[in-house]
Every structure is written in structure tokens, then in C-alpha cells.
Amino acid sequence: MEQKLGEREIEAEFTLESAALCPHCRQPIESLLVVRLLRTKVNFVSSLPRRGQVMLCPKCEVILTGSLGGLI
Ligand SMILES: [Zn+2]
């Protein structure tokens, strides 16, 4: 499922098992949008993973959490 959020492409939407309040917009949300992070600049000795993802509130589009690593 793909949705457009401005110029960005939302790759996936995940449904929460129970509703939660967004800490930014204070609205109840039932899903999170997931956007991939791709590493574009890196220090020579960096051991950080190549990829990651951030999760956005579907209502206010604020980044709520993110992680690096190969979950997706
Ligand atoms: Zn929100």
C-alpha cells in the first residue's frame, strides 16, 4: 500500500494493536506510517547499518520513532 505524503513516498502503514495517543498532535492514532532511511554519507570507519526506518504519525506526520538496522 502506497500513500503520498507531500513529495515523499510512504512505503508502508502498520496498524497498532490498540489505539495510542500521538505525543505531538494528541490525537488517537491506530496506525503508523513507515519511511525508510537510506545511508547516504558515512565516515570510513563507521559501523552503522546501511538502512533504517522512521515511523510517522499518520495525522501530523511528525517522526515518532526510528531505528537503524535491517527490519525492513
Ligand atoms: Zn500526530
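In this predicted model, four strands form an open sheet in the order β3-β4-β5-β6. The pairing is antiparallel. The edges of the sheet are β3 and β6, each of which pairs on one side only. From one strand to the next, the twist averages 25°. Strands of a sheet pair through backbone hydrogen bonds, in either a parallel or an antiparallel sense.

The protein chain as a whole has 6 strands and 0 helices. Read from the N terminus, its elements follow the pattern β-β-β-β-β-β. The chain has 72 residues, and buried residues account for 4% of them. Contacts were also sorted by separation along the sequence. Of the contacts between residues at least 6 apart, 28% link residues at least 24 apart.

The pairings can be taken in sheet order. Strands β3 and β4 run antiparallel and are joined by 6 bridges. Within this pair, A12 has V34 of β4 as its bridge partner. Strand β3 spans 12–21, and β4 spans 28–38. Strands β4 and β5 are likewise antiparallel, with 6 bridges between them. Here L38 is bridged to R51 in β5. The last pairing joins β5 to β6, again antiparallel, over 5 bridges. In β6, L68 stands opposite G52. Strand β5 covers 51–56, and β6 covers 63–68.

T15 gives a local view of the β3 side of the sheet. This residue lies in strand β3. Its C-alpha atom is separated from that of S31 by 4.1 Å, although the two residues are 16 apart along the chain. Leaving aside residues up to four places away in sequence, T15 touches E30 and S31. T15 counts as exposed because 8 other C-beta atoms lie within 10 Å, and the exposed class takes residues with 12 or fewer. In a regular strand, side chains alternate between the two faces of the sheet.

Two loop residues other than glycine have positive phi values. The first case considered is R26, with phi near 65°. R26 is placed in the loop between β3 and β4. Its environment holds 9 C-beta neighbours inside 10 Å, so R26 counts as exposed.

The second case is E61. Its phi is also near 65°, a positive value in a residue other than glycine. E61 lies in the loop between β5 and β6. These two strands form a hairpin with 6 residues between them, and E61 takes its positive phi in that hairpin. Around E61, 15 other C-beta atoms lie within 10 Å. E61 is therefore partly exposed, as burial would require 20 or more such atoms and exposure 12 or fewer.

Taken together, the positive phi values belong to loops that connect neighbouring strands of the sheet. R26 sits between β3 and β4, a pair with 6 bridges. E61 sits between β5 and β6, a pair with 5 bridges. The two residues fall in separate burial classes: R26 is exposed, whereas E61 is partly exposed.

Methods. Residues numbered from 1 in each chain as written. Predicted model: local features only at pLDDT ≥ 70, side-chain atom pairs only at ≥ 80, totals over all residues. Contact = placed C-beta atoms within 7 Å. Pairing = 2+ DSSP bridges. Axes fitted to C-alpha atoms, helices over the stretch in contact; angles between N-to-C directions.
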